[in-house]
Structures are given as C-alpha cells and as structure tokens.
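Subject: Handover of the two-chain model

Dear colleague,

I am handing over the structure below, and after it I set out what was found. Please read the notes with the model open beside them.

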Amino acid sequence: MSSDWQAFWISWRFDFGLSLLIFLSSLIYLRGWLRLRRRGAGQFGPWQLAAMLGGLWAVYIALQSPLEAFSSLLLQIHMLQHLLLMFIAPPLLWLAKPELPLLVGLPRVLRRSVVAPLLRDEGVRMLTRGLTHPVIAWLLFVAATWIWHLPALYTRALTSTFWHEAEHATFFLAALCFWHVVIAPYPHTRRETRWIVLPFLLLAGLQGTALSALLTFSDRVLYSHYLAVPRIWNTVPLDDQAVAGALMWACGSLIYLVALSLVAVEIWNAPQVALIGAGAKGTLRTGPSLEVIRQSETFGTRPLAKNARWDLLSVPGIGNLLRQAATRRTLQVFLLGAAGLIVLDGLWGPQISPINLAGVLPWIHWRGVLVIGLLVAGNFFCLACPFTLPRNLAKRLLGGNHPWPAFLRSKWLAAGLLVFFFWAYEALALWDSPWWTAWIVVTYFAASFAIDGFFRGASFCKYVCPIGQFQFAASLISPLQIAPRDAQLCTTCTTHDCIRGGPQGPGCQTELFVPQKTSNLDCTFCLDCVRACPKDNVGLLAFLPASQLTPTASGTRLVQRNDLAALLLVFCSAAFVNAAWMIAPVVALEQALLQSLTFFNRPLFVGLGIVLTALVLPALGLLAVAALSNTMAPQKESVAALARRYLPALVPLSFALWCAHYAFHLLTSAGTIFAAGNRMLADWQFASLSEAAAACACCGEVAGWILPVEILLLDGGLCLSLFVAYRIAEGQSHSSAATLRAWMPWAVLLIGLFAATVWILMQPMQMRGTLVLGG
Amino acid sequence: MLLRLWSLLFFGASLCCLSAVARGDGGAVVFSGESGPLRVTVFVEPVPPRAGSVDLSLLVQDTTSLEVIETYTALLRLTNTDDTTIEEIEASMSRAVATNRLFQAAALELSAGSWQVTLDVDQVEGDRSEHTFIFPLQVVPPQARFWDVLIWILLPAIPLLLFLAGRIRRVAIDMQEPSVT
C-alpha cells in the first residue's frame with residue numbers, strides 16, 4: 001500500500017458529541033429491541049437490529065471517516081459522503097422501525113417525563129405530520145439537493161465548518177423525511193394510498209438524474225474550490241466532477257429502482273382496503289406520535305403510580321443522612337465556622353476584597369453555590385443556616401414564647417429589608433468591603449438571636465430575614481418540595497405533628513401545615529416536619545420546576561396578598577438592577593449622573609435609583625401591561641389584581657438572571673478562595689504567602705462556554721415564564737382566543753426583558769473589587 | 001403541559017449542544033507556490049482567518065509528478081507587519097495536529113492585522129534542501145460575541161413557535177366548533 005493510501009486510511013476524525021450520540025442511539029435501540037423481543041413483538045427481528053446499526057454506522061462513516069477529511073480535496077469523495085447521508089443511512093434507519101424500540105429503550109423517567117409529553121405536544125405533532133407529508137417531504141428533499149449544489153453555497157460549505165455541518169444536517173434531515181414516506185415504518189399505518197409512492201420515487205429519480213447529468217457532462221468545473229486545491233492522486237478537477245456525477249447517477253438510480261420495485265411488489269400483494277388509506281381513519285387519526293406512545297404502553301411498560309414522585313429522602317444513604325437532626329447541626333456548625341472566619345478576616349484582615357475571606361467567601365462562593373443549589377434541588381442553605389444555630393439557647397435565655405406582633409405578620413418588613421440590603425450592597429459596595437461584610441454577619445447573628453430568643457417559632461426566618469426571603473422566592477422554581485407522600489393518609493391524621501410537633505420532634509417553626517402546603521414559600525427545608533410525622537408520610541418530593549407558580553398549584557396566597565406581591569416584585573426587579581449595576585455602561589451612566597447632579601451624594605443617589613428601578617418603574621410597567629392585557633381580552637379582575645396575578649410569571653426569568661449572574665462570578669473567580677485562604681494562613685504564620693496564587697485566582701480569562709451556559713439559563717427562564725403567563729391567562733379567559741390575546745402583552749414584556757438580560761450579559765463586566773494585581 | 005414545555009426545552013438544548021460540538025474539515029487555500037522540486041499549498045481555517053485560534057495546514061507535493069511528499073519538517077514564522085511590537089510567532093507544523101494525514105498543521109493564536117508568514121520546509125529525504133516560502137496573511141478582527149451566541153439566544157424560538165402553532169390550531173378548532181352552552 002502506498003504511503004498516500006496509508007495516510008488516507010488513518011485520517012479519521014473523532015467528534016465526541018457525534019460519537020456519543022451514535023453510541024447512545026445504538027444502546028437505547030438495543031435495549032428497546034431486546035425488551036420488545038422479550039414481550040413477543042414479532043416485528044423486531046435481527047434484520048431490524050442490523051438495519052439500525054448499519055444506518056448509524058453509515059452516518060459515522062460519512063462524518064468521521066477519511067471521507068470527511070478528503071471531501072474538501074476531491075468532489076467524488078464529497079459525493080460519496082452525501083450519498084451515505086441521503087441514500088444509505090436514512091432508509092436503513094427507517095427499515096429498523098426505530099421509533100418504538102427507541103421509546104421503549106429509554107429510561108422510564110426520561111420516557112415519561114420528557115419524550116412522551118414531547119410526542120403528545122400538539123405543535124410537535126403538527127410538525128411531524130407536516131414533515132412526513134409526501135408533497136412536503138418531496139419538496140424538502142429536492143430543494144435540499146439542488147440548493148446545496150448551487151456553486152456559491154457548495155463552495156461556502158467547503159470553506160466553512162458551520163456551513164459544511166449545516167449542509168450535511170440538511171441533507172440528512174430532508175432524506176429522513178423523504179424515506180419516511182417511502183418506508184412508512186411500523187407502527188405507522190400508511191396514511192396516504194401507497195400508489196403515491198411510485199410517482200414520488202419516480203419524480204425524485206428524474207430530478208436526481210438531471211443533477212447528475214449536469215455534473216457529469218459539464219465542460220467546466222462548477223465548484224471553483226476544487227480548482228484551487230492541490231491535485232492529489234493525479235486527478236484532474238473536471239474528471240473528478242464527472243466521476244462524482246456518475247456516482248450520484250448510478251447509486252441514486254439504483255436505490256430509487258430498488259425502492260420502486262419493492263413498493264410495487266407491496267402494492268401488488270396488499271389487499272385493496274390497505275391501499276386507500278384505511279389507516280388514516282383508524283389508529284392514525286390521533287397522529288403518528290400518539291400511536292407510538294400508545295404502542296409503547298401496550299408493550300407492557302409499567303404504569304406510573306399516581307403519587308409516585310421521586311423522593312430524595314428515599315434515596316439510600318442520602319435520605320437517612322438528611323433525616324438526622326445531627327446532619328443539620330453538623331452543616332450549621334460547618335457554616336458557623338466559615339462565618340467565624342469571615343468575621344475574623346473581615347475585621348482584622350487586610351481590606352482588600354479579593355484576598356480577604358470576607359470579600360470572597362460570601363460574594364463569590366456562597367452566592368454561586370446558593371443559586372445552583374436552588375436551581376437543581378431546593379432551599380438547602382436555610383437547612384444549613386448558621387444564624388439559627390443558637391436559637392434554642394436564645395429561647396432559653398430570653399423566654400421565646402411571645403407571639404410575633406400581628407401587624408408585622410406579613411412580608412412587608414422582610415421585603416423592605418431586602419430592598420435595604422440591595423441598597424447597602426450598591427451604596428456601601430459590600431462586595432468590596434470586608435469590614436462591612438463582617439459586620440453584616442455579626443448583625444445577622446445578633447438579630448436572629450434576639451428575635452428568635454424573644455418570639456415564638458422561627459419568626460426571624462419567616463418575617464425578617466432578607467436572605468431567607470430571597471431563598472423563599474427563588475425556591476418557587478426549585479424541583480424539590482416538602483410534601484406528603486400520600487395525601488390520602490394525611491386526611492386520616494388527627495395529631496398534625498408536622499405543624500404542632502410531637503414525641504418525635506418539634507413541628508414546623510414557620511407554621512406550615514404539610515397537607516395544605518402548595519409551594520416552597522416560607523419553607524426552610526429544616527425537615528422538622530419529616531422527623532415529627534409519626535407515619536413517615538412527609539417527603540422531599542420532586543416536582544417539575546416552576547410548577548409551583550402555575551395558578552392551580554400556587555393556591556390563592558401568591559395572587560391575593562400585596563405583601564407577597566411586593567416581595568416577588570423586589571426579587572424580580574432586583575435581579576435586573578443588581579446585574580445591570582455591574583456592567584460598564586451602567587457604571588458610566590451612574591458616574592455621569594453623579595457628576596451632573598452635584599447635590600446628590602452617592603448613598604442617596606443609589607437609594608433613589610433602587611427605589612425607582614426596583615420598585616416604582618417595575619410596578620408601573622406591570623400595571624401598564626396588565627391594563628393592555630385587560631384591554632385586549634377583558635378579564636374578571638381589576639388592573640392591580642391582574643398585575644398581582646401575573647407577577648409570578650416573571651419569577652423564572654428573574655431567577656435565571658440571578659443564576660447567570662452569580663454563577664458567572666463563581667465560575668470566573670472560584671480560585672480566589674485559595675488566594676484568600678493562603679493569605680490568611682500566612683498572616684497567622686501557618687503557611688508562606690504565595691503571590692502566584694493571588695495573581696491567578698481572579699480576573700482570569702473568561703472561558704468561552706460560560707456565556708452560552710448563561711444564555712441557556714435565560715432561555716429556560718424565558719420559556720418557563722412564558723408558559724406560566726399562559727397558564728395564568730388560561731385561568732382568566734373564557735376561550736382559547738381570549739387566552740392568547742390576554743397572554744400576548746405579557747409575552748412581549750417577557751421577550752423584551754429576555755433581550756435586556758442578554759444585553760446585560762454581553763456587556764463588559766466592571767469587575768469591581770476583584771482585581772489583585774496588574775492593571 | 002409543563003412537562004411538554006420541559007421536554008421541548010430539553011430537546012432544543014440537546015440539539016444545540018450537538019451542533020456546537022460538531023466540527024468539520026474545510027478551510028481555503030491561502031497560498032500556493034513552488035520552490036525547486038517542491039510545490040506547497042497552505043490552507044487556512046476559519047475563512048476568513050479571524051483573530052483568535054487560526055489553523056494553518058500544509059500539503060507538500062513534487063512539482064512535476066504531483067506526488068504527495070510526506071517526509072519533511074515545516075516551520076512557521078509569523079510577523080505582524082502592522083505592529084512591530086508584537087513578538088514574532090514561531091511554530092513547527094505536525095502531522096498529528098492534522099485530520100487529513102497527508103497534511104501537516106499548526107494551530108496558532110493570532111491577533112487581527114496583517115501578518116507575514118515565512119514557511120521553511122526542510123526535506124528529510126532526497127536532496128535534503130531547505131525551501132522558504134513567504135506570503136501575507138490578513139487576519140480580520142474577531143466576530144462580535146453576539147454572532148457566536150446567536151444560536152443560543154434564538155433557542156427559545158423553537159419551543160415558542162411550536163407552542164404557538166399548537167395554540168393557534170386550538171383557536172382555529174374552537175372557532176369552527178360551535179360552543180356548547
């Protein structure tokens with residue numbers, strides 16, 4: 001073998017994403033195929049398995065083999081690649097009847113919670129029906145073939161990775177639609193009369209012949225790229241083009257011919273009733289997707305019990321660990337130690353934020369871990385909160401039996417304190433002041449000790465703590481929620497230990513009654529209710545994120561109480577204000593305004609700014625959109641009540657922005673903990689000072705994947721917000737048309753806010769207080 | 001319905017992830033020249049080369065027979081002609097970096113501006129002569145970050161359009177069917 005050929009055969013690529021996709025597809029199909037075979041589904045024999053593996057292998061060969069590496073040098077090799085993607089892989093994949101095995105082969109959770117709902121979705125069903133309609137499928141296939149063979153586009157694809165991939169994806173997807181019509185894989189009953197497949201194939205063959213002839217007989221090189229590239233293996237570009245055309249002609253015609261013959265034989269042998277679309281009136285009236293789901297269910301997949309939600313407390317190991325009061329105590333002691341370090345370093349360490357534990361631990365690490373925890377699990381910070389650790393001691397010392405004053409039994413005080421906190425954060429530059437940060441921690445301990453020591457239960461957590469309010473609002477998105485495992489069992493309970501407490505432990509300190517609990521609001525995840533329930537009927541159950549915000553789940557509390565609305569408004573608007581205040585254009589605007597408005601000092605200016613941007617303008621904006629929504633589709637409530645009702649729809653997008661913002665700091669400056677820790681240890685003579693650690697710890701290069709991840713978070717937030725708004729509109733309107741009209745202004749507002757958040761994230765960050773060295 | 005929304009999001013994100021990791025060969029010829037018995041062709045990717053990571057690959061052939069020559073060493077030296085304060089970049093090319101093993105390649109970090117590329121090709125076999133090729137390379141400024149992340153920004157459009165299509169269809173059905181009171 002010549003060295004050229006040796007080089008050819010070793011020119012394989014490895015694309016992790018594609019390889020993983022092909023491997024997982026094979027694995028899932030194989031699992032489904034085996035399960036269906038065990039259940040006696042005769043339609044899935046070895047031939048189907050071979051077809052599936054062959055189809056996937058064809059895709060792999062087309063995209064990862066030397067064909068890919070040499071496609072930019074020789075047109076005939078590029079043509080082989082296209083033939084594999086359009087004429088070999090798609091028909092093989094459909095011959096494998098892949099839908100049912102792939103669905104049955106998926107893990108049950110994924111099948112039931114992701115794929116089946118997707119296939120049931122009306123929009124998806126319309127899309128799949130449309131794409132597999134003979135006329136549309138044929139037009140797509142032909143359009144893809146001809147458009148990509150236009151010289152300008154073909155050359156573009158040869159010189160650009162993105163367009164090359166787009167070309168292959170278009171070919172493959174269009175071919176999948178095309179061959180679906182021809183093969184109509186099980187369990188689809190042939191929707192249209194099978195006769196239509198004959199002209200379908202014949203016409204496709206004709207257009208293929210025309211294009212092949214154009215390539216074969218052209219007297220000039222159509223794609224200038226192949227004139228510029230070096231000639232290898234003594235191939236002349238015009239000959240190369242002719243060979244490519246001949247390949248397309250021969251292979252395409254052969255495959256069309258085989259398909260035509262097989263369909264003709266099928267039509268000849270089939271009973272007449274099957275040919276006039278009986279299936280259309282039968283099983284496929286509900287659409288192909290639903291048929292696939294129905295079939296997967298008939299093949300003996302176990303139905304999900306009505307109340308069988310995933311329960312974190314049932315997970316071996318973790319569940320038992322979380323139930324133990326000692327676990328909570330240990331976590332609290334650990335965070336108490338961290339708080340102690342923050343106070344020590346904040347008060348007595350150097351007042352340089354990035355090398356002081358009070359400058360980095362709370363503002364970079366704690367906040368980042370907090371939002372990620374809320375996103376993937378729930379309010380676990382309150383579980384481990386160190387401020388409540390001395391609560392029992394405080395109650396013993398101060399009595400602790402007084403009721404919280406009736407006039408303060410609302411969220412007004414807490415919402416006000418949250419606004420105050422955001423003001424202090426900006427006005428006093430808390431992230432850049434270890435000294436202030438340390439005093440905040442000290443004040444927090446003192447306030448918690450005094451309030452919990454004097455008043456009953458966890459009054460501090462429920463009515464005062466600004467961090468707690470932030471957590472409560474954010475945990476409305478969280479997937480985990482304290483809830484009864486079996487709601488029926490609670491109806492027979494007479495002791496109500498979960499709220500009152502009992503022999504096994506105290507009840508809920510924030511006075512939540514588990515059977516009536518509809519959201520995470522006011523829930524500190526302390527798990528006292530779990531331990532108190534004598535029937536072990538309280539779990540940490542998984543719900544779909546944001547399901548707590550939909551009207552049916554949230555009950556009336558969220559939509560009727562002005563104090564809760566104020567809290568949510570602050571939570572949502574502060575997400576934007578807090579993120580925007582760290583970007584260069586807003587900082588520049590602030591400085592310009594401060595210079596021109598000389599009578600303002602900065603704290604007063606920030607105060608007015610916070611009130612205006614976090615309270616007044618958002619409230620007015622909400623009222624305006626509510627009024628517009630009411631004008632477009634008259635609803636049953638006043639404009640103010642409508643604004644309150646729709647407010648929860650803003651929570652997912654706002655939370656996504658909190659996550660993106662705090663995760664950015666964590667991901668870009670995580671190393672600061674080592675620099676600050678090293679500095680502190682060096683100060684105490686426990687280690688030598690490493691300047692290099694400080695230099696590398698922050699303001700490093702922002703990795704390219706961080707911005708896409710941030711935007712992905714916002715994408716999720718926007719979709720959930722739009723969905724929650726739609727569900728609210730649905731509850732307010734009498735018809736589907738009115739629902740859409742009522743929803744429209746909110747959708748526009750949310751999309752506008754999404755655009756604003758993307759703009760914020762793309763601005764240069766004013767990394768105030770994080771720079772150690774250099775300049 | 002919330003389940004469906006989640007599933008749409010999940011699939012959209014998966015597709016985006018796959019498209020983001022997918023890479024292909026490609027690139028355009030940036031220089032082609034002959035010296036003695038050698039004919040060299042240099043490809044560059046991306047097209048046009050943008051500030052950041054730029055991939056240069058080299059194919060060496062015999063001038064007369066056009067046979068691919070594989071035994072040689074190639075060294076690249078790049079000098080920024082706009083800004084002489086920028087240090088010269090030197091990199092040796094390697095077959096291991098190239099996907100197509102007929103080539104040798106090097107991945108370089110370049111800033112925007114005009115560069116002069118000096119390519120030294122040293123034949124290991126045969127006459128063992130060294131050949132130098134010089135050509136310009138214009139590196140354009142990096143694309144705005146917006147374009148890099150546009151696909152992620154537009155991602156919600158997929159579930160949103162599907163959702164809207166379903167809702168509008170429902171409205172159309174409701175309008176056709178007289179309401180039962």
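Two strands are taken to pair if DSSP finds at least two bridges between them. With that cut-off in mind, strand S4 (residues 72-80) and strand S7 (residues 113-123) of chain B are a pair, since nine bridges link them in the antiparallel sense. Please bear in mind throughout that this is a predicted model.

Chain B

I begin with chain B, which has 181 residues, 30% of them counted as buried. Its secondary structure consists of three helices and eight strands, and these follow one another along the sequence in the pattern α-β-β-β-β-β-β-β-β-α-α. Where contacts in chain B join residues at least 6 apart in sequence, 58% of them link residues at least 24 apart.

The pair already mentioned belongs to an open sheet of four strands in chain B, in the order S5-S4-S7-S8 and with antiparallel pairing. Its edges are formed by strand S5 (89-92) and strand S8 (130-139) of chain B, each of which pairs on one side only. On average, and with direction ignored, neighbouring strands of this sheet are turned by 20 degrees against each other. To find the register of S4 and S7 on the display, you could look for B:Thr79, which stands opposite B:Gln116 in S7(B).

Another open sheet of four strands in chain B has the order S1-S2-S3-S6, and here too the pairing is antiparallel. The edge positions are held by strand S1 (28-35) and strand S6 (104-110) of chain B, and each of these pairs on one side only. For this sheet the average turn between neighbouring strands, direction ignored, is 20 degrees. Within the sheet, strand S2 (residues 38-45) and strand S3 (residues 52-62) of chain B are joined by eight bridges in the antiparallel sense, and B:Thr41 has B:Leu59 in S3(B) as its bridge partner.

Chain A: the two strands

Chain A has 775 residues, and buried residues make up 45% of them. Its secondary structure comes to 40 helices and two strands. Among the contacts in chain A between residues at least 6 apart in sequence, 80% join residues at least 24 apart.

Strand S1 (residues 480-484) and strand S2 (residues 538-542) of chain A pair with each other in the antiparallel sense over five bridges. Two of the partnerships can be named: A:Leu480 is bridged to A:Ala542 in S2(A), and A:Ala483 stands opposite A:Gly539 in S2(A). Strand S1 of chain A is mostly covered, with five of its five residues buried; A:Leu480, A:Ile482 and A:Pro484 point one way from the strand, whereas A:Gln481 and A:Ala483 point the other way, and all are buried. S2(A) is also mostly covered, since four of its five residues are buried.

Chain A: helices

Two helix contacts in chain A deserve a description. In one, helix H26 (residues 466-474) and helix H32 (residues 562-580) of chain A pack at an angle of about 90 degrees, with their axes 10 Å apart, and H26(A) and H32(A) are therefore roughly perpendicular to each other. The residues that make the contact are A:Gln469, A:Phe470 and A:Ala473 of H26(A), together with A:Leu567, A:Leu568 and A:Phe571 of H32(A). By class, this contact of H26(A) with H32(A) has five nonpolar residues, one polar residue and no charged ones.

In the other, helix H34 (residues 602-632) and helix H35 (residues 639-646) of chain A pack at an angle of about 105 degrees, with their axes 8 Å apart, and H34(A) and H35(A) are therefore roughly perpendicular to each other. From H34(A), the residues A:Leu622, A:Leu623, A:Ala626, A:Ala627, A:Ser629 and A:Asn630 meet A:Val639, A:Ala640, A:Leu642, A:Ala643 and A:Tyr646 in H35(A). The residues of this contact of H34(A) with H35(A) divide into nine nonpolar, two polar and no charged.

Finally, helix H33 (residues 584-596) of chain A has 13 residues, which at 1.5 Å a residue should span 18 Å, and its end C-alpha atoms are 18 Å apart, which agrees. H33(A) is hardly covered, as the count of buried residues among its 13 residues is zero.

With best wishes

Methods
Residues numbered from 1 in each chain as written. Chains lettered and ligands numbered in written order. Predicted model: local features only at pLDDT ≥ 70, side-chain atom pairs only at ≥ 80, totals over all residues. Axes fitted to C-alpha atoms, helices over the stretch in contact; angles between N-to-C directions. Parallel < 35°, antiparallel > 145°, perpendicular 65-115°, else oblique. Contact = placed C-beta atoms within 7 Å. Nonpolar A, V, L, I, M, F, W, Y, C, P; charged D, E, K, R; others polar. Buried ≥ 20, exposed ≤ 12 C-beta atoms within 10 Å, placed from the backbone. Expected span 1.5 Å × (residues − 1).
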